[in-house]
Amino acid sequence: NALFYLNVKYKYGGTTEEGMDCSGLVSVAFGEQDIQLPRSSRNIAELGIDVPLKNAKKGDLLFFIIRRNSNNINHVGLIVEIKDEEIFFVHATTSRGVIVSSLSEAYWTKTFIKAKSML
(Lines give C-alpha, C1' and ligand atoms only; values in the text may rest on other atoms or scores of the structure.)
Protein backbone atom coordinates (compact mmCIF):
# COMPACT_ATOMS: atom_id res chain seq x y z
CA ASN A 1 0.00 0.00 0.00
CA ALA A 2 1.64 3.20 -1.20
CA LEU A 3 -0.04 5.23 1.57
CA PHE A 4 2.25 3.45 4.04
CA TYR A 5 5.01 5.72 2.72
CA LEU A 6 3.21 9.02 3.43
CA ASN A 7 5.60 11.67 4.75
CA VAL A 8 8.72 9.76 3.66
CA LYS A 9 11.20 12.41 2.52
CA TYR A 10 12.14 12.84 -1.12
CA LYS A 11 15.35 11.24 -2.34
CA TYR A 12 16.23 11.05 -6.03
CA GLY A 13 16.51 7.37 -6.96
CA GLY A 14 15.26 6.33 -3.52
CA THR A 15 13.09 3.26 -2.90
CA THR A 16 13.04 2.94 0.90
CA GLU A 17 11.53 4.54 3.99
CA GLU A 18 14.76 6.58 4.18
CA GLY A 19 13.66 8.45 1.05
CA MET A 20 12.10 7.88 -2.36
CA ASP A 21 11.25 9.57 -5.61
CA CYS A 22 7.97 9.35 -7.52
CA SER A 23 8.83 6.32 -9.64
CA GLY A 24 10.49 4.66 -6.65
CA LEU A 25 7.23 4.97 -4.70
CA VAL A 26 5.19 3.52 -7.56
CA SER A 27 7.62 0.69 -8.34
CA VAL A 28 7.84 -0.30 -4.65
CA ALA A 29 4.03 -0.23 -4.25
CA PHE A 30 3.54 -2.41 -7.34
CA GLY A 31 6.47 -4.64 -6.36
CA GLU A 32 4.67 -5.39 -3.09
CA GLN A 33 1.89 -6.79 -5.32
CA ASP A 34 4.44 -8.84 -7.31
CA ILE A 35 4.18 -6.51 -10.30
CA GLN A 36 7.61 -5.39 -11.51
CA LEU A 37 7.77 -1.93 -13.06
CA PRO A 38 10.69 0.01 -14.54
CA ARG A 39 12.42 2.62 -12.37
CA SER A 40 11.59 5.74 -14.39
CA SER A 41 8.20 7.37 -14.85
CA ARG A 42 8.87 7.72 -18.59
CA ASN A 43 9.45 3.95 -18.92
CA ILE A 44 6.49 3.05 -16.70
CA ALA A 45 4.30 5.25 -18.95
CA GLU A 46 5.16 3.00 -21.91
CA LEU A 47 3.44 0.04 -20.21
CA GLY A 48 -0.18 -0.69 -19.39
CA ILE A 49 -3.37 0.47 -21.02
CA ASP A 50 -4.41 4.10 -21.56
CA VAL A 51 -7.50 4.96 -19.52
CA PRO A 52 -9.75 7.97 -20.14
CA LEU A 53 -9.68 10.07 -16.96
CA LYS A 54 -13.43 9.62 -16.49
CA ASN A 55 -12.84 5.83 -16.31
CA ALA A 56 -9.77 6.00 -14.06
CA LYS A 57 -9.95 4.02 -10.82
CA LYS A 58 -8.06 3.46 -7.61
CA GLY A 59 -4.71 1.82 -8.43
CA ASP A 60 -4.33 3.45 -11.84
CA LEU A 61 -1.34 5.69 -12.52
CA LEU A 62 -1.29 9.36 -13.51
CA PHE A 63 1.56 10.74 -15.59
CA PHE A 64 2.81 14.32 -15.80
CA ILE A 65 5.39 16.53 -17.49
CA ILE A 66 6.51 18.88 -14.74
CA ARG A 67 9.83 20.13 -16.08
CA ARG A 68 9.64 23.12 -18.36
CA ASN A 69 11.05 22.61 -21.84
CA SER A 70 10.64 18.85 -21.56
CA ASN A 71 8.58 16.67 -23.86
CA ASN A 72 9.12 13.58 -21.72
CA ILE A 73 6.97 12.31 -18.89
CA ASN A 74 8.91 12.89 -15.68
CA HIS A 75 6.42 12.44 -12.83
CA VAL A 76 4.01 9.69 -11.80
CA GLY A 77 1.37 9.32 -9.11
CA LEU A 78 -0.89 6.48 -7.95
CA ILE A 79 -4.64 7.04 -7.59
CA VAL A 80 -5.68 6.30 -4.00
CA GLU A 81 -9.22 7.69 -3.95
CA ILE A 82 -11.91 9.11 -6.19
CA LYS A 83 -14.54 11.11 -4.34
CA ASP A 84 -17.30 13.03 -6.11
CA GLU A 85 -15.30 12.78 -9.36
CA GLU A 86 -12.25 14.34 -7.67
CA ILE A 87 -9.13 12.20 -8.11
CA PHE A 88 -6.62 11.96 -5.26
CA PHE A 89 -3.18 10.49 -5.87
CA VAL A 90 -0.11 9.66 -3.79
CA HIS A 91 3.26 10.74 -5.14
CA ALA A 92 6.71 11.88 -4.05
CA THR A 93 7.47 15.58 -4.41
CA THR A 94 10.91 17.14 -4.14
CA SER A 95 9.68 19.77 -1.67
CA ARG A 96 7.34 17.79 0.60
CA GLY A 97 8.21 14.12 0.13
CA VAL A 98 5.40 11.56 -0.21
CA ILE A 99 2.02 13.29 -0.08
CA VAL A 100 -1.53 12.95 -1.41
CA SER A 101 -2.65 15.60 -3.88
CA SER A 102 -5.81 16.28 -5.87
CA LEU A 103 -5.73 16.24 -9.65
CA SER A 104 -8.10 19.23 -9.38
CA GLU A 105 -5.26 21.43 -8.10
CA ALA A 106 -4.33 23.84 -10.90
CA TYR A 107 -0.69 22.75 -11.06
CA TRP A 108 -1.54 19.06 -11.50
CA THR A 109 -4.37 19.77 -13.96
CA LYS A 110 -1.96 21.84 -16.09
CA THR A 111 0.87 19.27 -16.11
CA PHE A 112 -1.26 16.09 -16.43
CA ILE A 113 -0.59 14.00 -19.55
CA LYS A 114 -2.42 10.66 -19.24
CA ALA A 115 -3.79 7.94 -17.00
CA LYS A 116 -2.91 4.26 -17.36
CA SER A 117 -3.94 0.95 -15.85
CA MET A 118 -1.12 -1.49 -15.14
CA LEU A 119 -3.43 -4.39 -14.22
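This passage walks through the strands, aromatic rings, salt bridges and surface of a predicted model.

A good place to start is the sheet. Six strands make up an open sheet with antiparallel pairing, and their order is β3-β8-β4-β5-β6-β7. The edges are taken by β3 and β7, each of which pairs on one side only. Neighbouring strands of this sheet are turned against each other by 35° on average, with direction ignored. As background for reading such a sheet, side chains in a regular strand alternate between its two faces.

Moving through the sheet, β4 and β8 pair in the antiparallel sense over four bridges. Here F63 has K114 in β8 as its bridge partner. Strand β5, residues 75-83, pairs with β6 in the antiparallel sense over five bridges, and I82 stands opposite I87 of β6. These two strands form a hairpin with two residues between them. In the turn of this hairpin, D84 has a positive phi of about 50°.

Strand β6 also has a partner in β7, and this antiparallel pairing runs over six bridges. Within it, F88 stands opposite S102 in β7. A hairpin joins these two strands as well, this time through three residues. Is β6 enclosed by the rest of the structure? Largely yes, because six of its eight residues are buried.

The aromatic side chains come next. The structure holds six aromatic pairs. A pair of this kind is described by the distance of the ring centres and the angle of the planes. For F64 and F112, the ring centres are 5.9 Å apart and the planes stand at 75°, so the pair is edge-to-face. This contact links distant parts of the chain, with F64 in strand β4 (residues 61-64) and F112 in strand β8, 48 residues apart. F64 is buried, with a relative accessible area of 0%.

A second pair brings F89 together with W108: the ring centres lie 5.6 Å apart and the planes are at 90°, so this pair too is edge-to-face. F89 belongs to strand β6 (residues 86-93) and W108 to helix α3 (residues 106-111), so to speak a link between distant parts of the chain, 19 residues apart. F89 counts as buried at 0% relative accessibility, and W108 is buried with a relative accessible area of 8%. Which residues do ring pairs link into a cluster? The members are F64, F89, Y107, W108 and F112.The charged side chains add further contacts, and the structure holds three salt bridges. In one of them, R39 meets D21, with the closest N and O atoms 3.2 Å apart. The two residues are 18 apart in the chain: R39 sits in the loop between α1 (22-31) and α2 (41-44), while D21 sits in the loop between β2 (19-20) and α1. R39 counts as partly exposed at 33% relative accessibility, whereas D21 is buried, with a relative accessible area of 6%.

D50 and K116 form another salt bridge, where the closest N and O atoms are 3.5 Å apart. D50 lies in strand β3 (residues 49-51) and K116 in strand β8 (residues 112-117), so this pair ties together parts that are 66 residues apart in sequence. K116 is buried, with a relative accessible area of 6%.

The side chains of D60 and K57 also meet in a salt bridge, at 3.5 Å from N to O. Is each partner buried or partly exposed? D60 is buried, with a relative accessible area of 2%, while K57 is partly exposed, with a value of 45%.

Finally, the surface carries a nonpolar patch of about 200 Å², made by L3, L6 and V100. V100 is found in strand β7, which covers residues 97-102. With a relative accessible area of 36%, V100 is partly exposed. Strand β7 is also one of the edge strands of the sheet described at the start.

Notes: Residues numbered from 1 in each chain as written. Predicted model: local features only at pLDDT ≥ 70, side-chain atom pairs only at ≥ 80, totals over all residues. Heavy atoms only, no water. Patch = residues over 30% accessible without salt bridge, like charges linked within 9 Å, V, L, I, M, F, W, Y side chains within 5 Å. Areas by Shrake-Rupley, 256 points an atom, 1.4 Å probe, with all protein chains shown as cover. Salt bridge = Lys/Arg side-chain N within 4 Å of Asp/Glu carboxyl O. Buried < 20%, exposed > 50% of the residue type's maximum accessible area, 1.4 Å probe, protein only. Phe/Tyr/Trp six-rings, centres within 6.5 Å; stacked < 30°, edge-to-face > 60°. Pairing = 2+ DSSP bridges. Axes fitted to C-alpha atoms, helices over the stretch in contact; angles between N-to-C directions.
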